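Reader: I'm new to this one. Can you put it up and walk me through a few points?

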Amino acid sequence: MTFSLSAIPHVIIMSAEFVTGITVNGFLIIISCNKLIKSRKLTPMQLILICIGMSRFGLQVVIMVQGFFSAFFPLLYRAKFRGAVTVFLWMFFSSASLWFATCLSAFYCLKLISSTQSYFLWLKFRIPKVIPWLLLGSLLASVTTAVLCVEVGFPTNMEDDFFGNATRIMMSKFKTKQTSEVLFVNLALIFPLAVFLMCTFMLLMSLCKHTHRMQNGSRGFRSASTAAHRNALRTVLTFFLFFISYFAAFMANLTFIVTQGTQCYFLLKEIMAAYPSGHSVIIILSNSKFQQPFKRLLCLKKNQ
């Protein structure tokens with residue numbers, strides 16, 4: 001076993017992110033399932049949160065396994081943890097978590113935005129039927145992306161000395177193949193980003209119109225309704241920041257721009273691990289129904 005002591009602080013940070021991610025995403029799954037058991041009815045919001053929690057739970061585990069074994073067991077990581085199974089899980093959970101979060105943004109749009117457009121009203125009054133189909137489509141898109149990424153032959157076992165005895169023609173073909181694969185992943189993940197940006201813009205415009213429209217309304221109603229808009233907008237904006245940072249780190253890690261085991265390599269892993277935990281924390285903190293149960297889970301509520 002060969003590893004650098006400089007990797008230990010990065011592993012500690014990733015471990016903290018891992019514990020946070022497992023806690024908050026596990027909380028989202030448990031609290032949503034608990035409400036399902038009590039009410040015997042699964043609302044669209046609960047279904048979305050269950051899907052988000054499960055996908056990010058899996059993504060957090062994959063990232064942590066990659067970071068841990070690449071730091072302490074680099075030879076074993078290269079031999080056993082960079083194959084088709086790891087690539088499939090990584091791509092599936094990455095794509096699913098992004099798609100499900102995009103579905104959450106779409107849910108906020110349908111729920112909060114007021115519009116007289118016939119197609120929008122049709123979707124708004126059919127949220128319980130639309131959301132499951134959106135989640136199913138997201139799941140199928142994630143599976144398809146992961147399968148295609150494995151089929152096209154992702155560069156999962158690229159070593160520093162891989163081209164030691166190779167010709168320049170082989171190297172050129174490999175780089176061309178690698179570039180095409182990166183472009184494929186880039187296009188696959190840009191689509192949910194485009195949908196998300198559209199939802200964010202619509203929420204922002206709705207908040208501005210709502211604030212202007214409710215100036216002469218009752219103060220209590222105006223405050224409650226405006227707060228709902230602001231919470232939704234805060235959630236999608238933080239998701240945007242986490243999405244962009246994760247996407248940039250993901251692409252840099254995928255293209256082997258950064259050498260495995262270096263400080264930059266582990267920094268990318270830390271940025272990637274912050275996404276599935278950080279955004280879920282924002283979801284919990286922005287929802288008043290989750291705050292008290294989450295405080296009790298962390299033993300922060302004082303004994304009465």
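**Cysteines and helices**

Author: This is a predicted model. A place to begin is Cys 51, which counts as buried because its relative accessibility is 18%, under the 20% cut-off.

Reader: Which cysteine sulfur is nearest to that of Cys 51, and how far away?

Author: That of Cys 103, at 8.1 Å. Cys 51 is in no disulfide.

Reader: How many disulfides does a search of the whole structure find?

Author: Zero. Cys 199 is likewise in no disulfide, although the sulfur of Cys 109, the nearest cysteine sulfur, is 3.9 Å away. A pair has to lie within 2.5 Å to count.

Reader: And is Cys 199 buried or exposed?

Author: Buried, because its relative accessible area is 5%.

Reader: Changing topic. What span should H1 have, going by its residues?

Author: H1 covers residues 7-39. At 1.5 Å a residue, its 33 residues should span 48 Å, and the end C-alpha atoms are 47 Å apart, so the two values agree.

Reader: What follows H1?

Author: Arg 40, with a positive phi near 55 degrees.

Reader: At what angle do H1 and H9 pack?

Author: About 25 degrees, with the axes 9 Å apart. H9 is made of residues 263-285. The angle is under 35 degrees, and H1 and H9 are therefore roughly parallel to each other.

Reader: Is that crossing left-handed or right-handed?

Author: The crossing of H1 and H9 is left-handed.

Reader: What classes of residue are in the contact of H1 with H9?

Author: There are 14 nonpolar residues, seven polar and three charged.

Note on methods
Residues numbered from 1 in each chain as written. Predicted model: local features only at pLDDT ≥ 70, side-chain atom pairs only at ≥ 80, totals over all residues. Heavy atoms only, no water. Axes fitted to C-alpha atoms, helices over the stretch in contact; angles between N-to-C directions. Helix = DSSP H or I, 4+ residues; strand = E, 2+ residues; numbered from the N terminus. Parallel < 35°, antiparallel > 145°, perpendicular 65-115°, else oblique. Left-handed = near helix turned anticlockwise from the far one by under 90°. Nonpolar A, V, L, I, M, F, W, Y, C, P; charged D, E, K, R; others polar. Buried < 20%, exposed > 50% of the residue type's maximum accessible area, 1.4 Å probe, protein only. Expected span 1.5 Å × (residues − 1).
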